[in-house]
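Biologist: Could you take me through this model and explain the terms as we go? I would like to hear how each label is earned.

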Amino acid sequence: MTWRNSIRISDVVSQFIGGDKSLRVLLIVPESSEGEGVPRSALSSFGDRGRCSLVPSRSPLSPHNGWEELDGTACLDVYCGPFLPDLGVGSAYLFQLFYESFDESFEGRWIVSEKADYEGTWKHSKSDGHEDYGLLVSEQARKYAIVKELEEPVALKDGTVLQFEVRLQNGLECGGAYLKYLRPQEAGWTPKGFNNESPFTIMFGPDKCGSTNKVHFILQHKNPKTGKFVEHHLKYPPSVPFDKNSHVYTAILKPDNELKILIDGEEKKKANLLSSDDFEPALIPPKTIPDHDDKKPEDWDERAKIPDPDAVKPDDWDEDAPMEIEDEEAVKPEGWLDDEPAETDDPEATKPEDWDDEEDGEWEAPKVDNPKCEAAPGCGEWKRPMKRNPAYKGKWSAPLIDNPNYKGIWKPQEIDNPEYFELDKPNIEPIDAIGIEIWTMQDGILFDNILISTDEKVAESYRLETWKPKYDVEKEKQKAEDAGAGFKDGLSGLQVMFSSTNSNKLNKAAAVPFSHPMPLLLQKKIFDVLYRIADIPFLKPHQIKIIDVIEKAEKQPTVTIGVLVSTVVVFATVIVRLLFGSKKKPQRQVSAPSASKTKSAETVGNDSPGTNGTNEEKEENVKVDDASAPRARKSRRET
């Protein structure tokens, strides 16, 4: 829709008054508008039917006399200034093809699908924390479908911009939040029958579920040879922002077949619509394809290596020799208690009062380590450990040699692709409607400010006017919440690590107030001290957890003081307990290893010196686990 110089400005305005409110037009008016122009009083006589939001001063036209803001049924941007040679006087240029702000209810303007599967309820709702309205996905685990018909089909040409906002107010674990730009209804769909099969030109927006985390850009392109539409998916698309803030998604169809994907105004992906490196499958099919009727010859040998037919197994090759044999040089340790079991019944255990012999079986006391084995090298029957058999060679097979009949990996011959075509620019189908068709497990998805424009600056102006103020508020709120959560997580992590009678002191430390950010130099010194504390030997069992908490604090410096105070309190507590002792009963030493464990221990001692420390650490871990684990009931049925 473009008015040329031959049309009087008054005619333009008269046509425009009855236009769609979603239109945005730049009208060039000369400084002296006598006769040709429209009196200022006439322009202002549109009434109080809605105020326009104008292209900001960043517009290329800003060095001139600026913009006049008008009231009107539609948004009419009027430039009153000197003659511009690049834009004809009296011309009206269409910048905005479609815009939906959802300031008013969608009912009566958007059509909800009547398909049985789509039971989700759409709502006209405010964005959380704002006075701005949007289109809300209100229920979990539902399918949703809704469509908005355009006044007339829109051709997606060079410079077309598709943009919309979406806010995942409850996050997005599994679901979509994308738009479908639908082909004209002649393609075989109706608004009330809108579903996932309805033909679209472009599908664009976030989708996340399981391993899928991407901002889709899918183009359905018609093959001029076959007349079939093929879906072409953008390769390596950007990921979906993980937070719950408002985000604006922009797709720009640039000249030279270039596509740009922006998130929050920042370029995340650049691609070429005709490049096989950027789309799967490529828009232009390959020139040749494998001949499906071609068959591999029966005598075709694909083996690069074959067993040597002249090779003979050596006479001394024993295929039956075992991999391991007993170590004949091993000697039973002195003091080994052959007649003592490694475990005995717990003498202090008593049969529970609610034990039912008929249901639970005959009660048996739980087993404990045999105290007689604590001072002995081992208990029970002693057996020699196993060692590797030096005579073991395994199954003999002939060595491989080059195959003299090798022809390579067979592939069918290439033939001309009947679906191949050449193309300088994609034949992108016009769009007749905008639809949202999703299946999501989360509610709280809010769509807003859907725009189709012919100018990137118009899209930028909407980002700055409608999205940026909301995002800044949400970002500040998120920072405050993250700081509070990080502070609490840091302290609770320390409390879990060091459970002690001094928990009240730790809680008091958590309440220490602070109001100013810590200087960077002091902050660095503090973290150096904290990491040194984590390296102290007697804190070794807790080192991983301590470092995890310190790293959290380092990423969120506002919680540094709280973490520091808490660490000092806990550190002091550990020192006091070390100095004055503990009432805790010493843990019982682990019992002597079983026969199988003894075998492996002795084998390691003979063959792999230096690994004993690892075995001792494992025994110490077993010792701790046994001391803390509850004793379970045992019955003969379980054995």
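Biologist: What makes Asp 291 count as buried yet without a salt bridge?

Modeller: In this predicted model, Asp 291 is buried, which means under 20% relative accessible area, with exposed over 50% and partly exposed in between (1.4 Å probe, protein chains only). A salt bridge needs a side-chain nitrogen of Lys or Arg within 4 Å of a carboxyl oxygen of Asp or Glu. The nearest side chain of opposite charge, Lys 295, is 8.7 Å away, so Asp 291 has no salt bridge.

Biologist: Which backbone nitrogen does the side chain of Asp 291 reach?

Modeller: That of Asp 293, at 3.0 Å.

Biologist: Where is Asp 291 found, and what is it in contact with beyond its neighbours within four places in sequence?

Modeller: Asp 291 is in the loop between strand E19 (288-290) and strand E20 (305-307); strands are DSSP runs of at least two E residues, numbered from the N terminus. Its contacts (heavy atoms within 4.5 Å) are Pro 412, Gln 413 and Ile 415.

Biologist: How do you know which parts deserve caution?

Modeller: By pLDDT, the predictor's confidence in each residue, from 0 to 100. The chain mean is 76, and 65% of residues reach 70 or more, but pLDDT stays under 50 over residues 1-93 and over residues 582-639.

Biologist: And what rules apply to the values?

Modeller: Local features need pLDDT of at least 70 and side-chain atom pairs 80 or more, while totals for chains, interfaces and linings use all residues. Residues are numbered from 1 along each chain as its sequence is written, and side-chain values use heavy atoms, leaving out hydrogens and water.

Key: Helix = DSSP H or I, 4+ residues; strand = E, 2+ residues; numbered from the N terminus. Lys, Arg positive; Asp, Glu negative; His and termini not counted. Polar contact = N/O pair within 3.5 Å; in protein donor to acceptor, adjacent residues only side chain to side chain.
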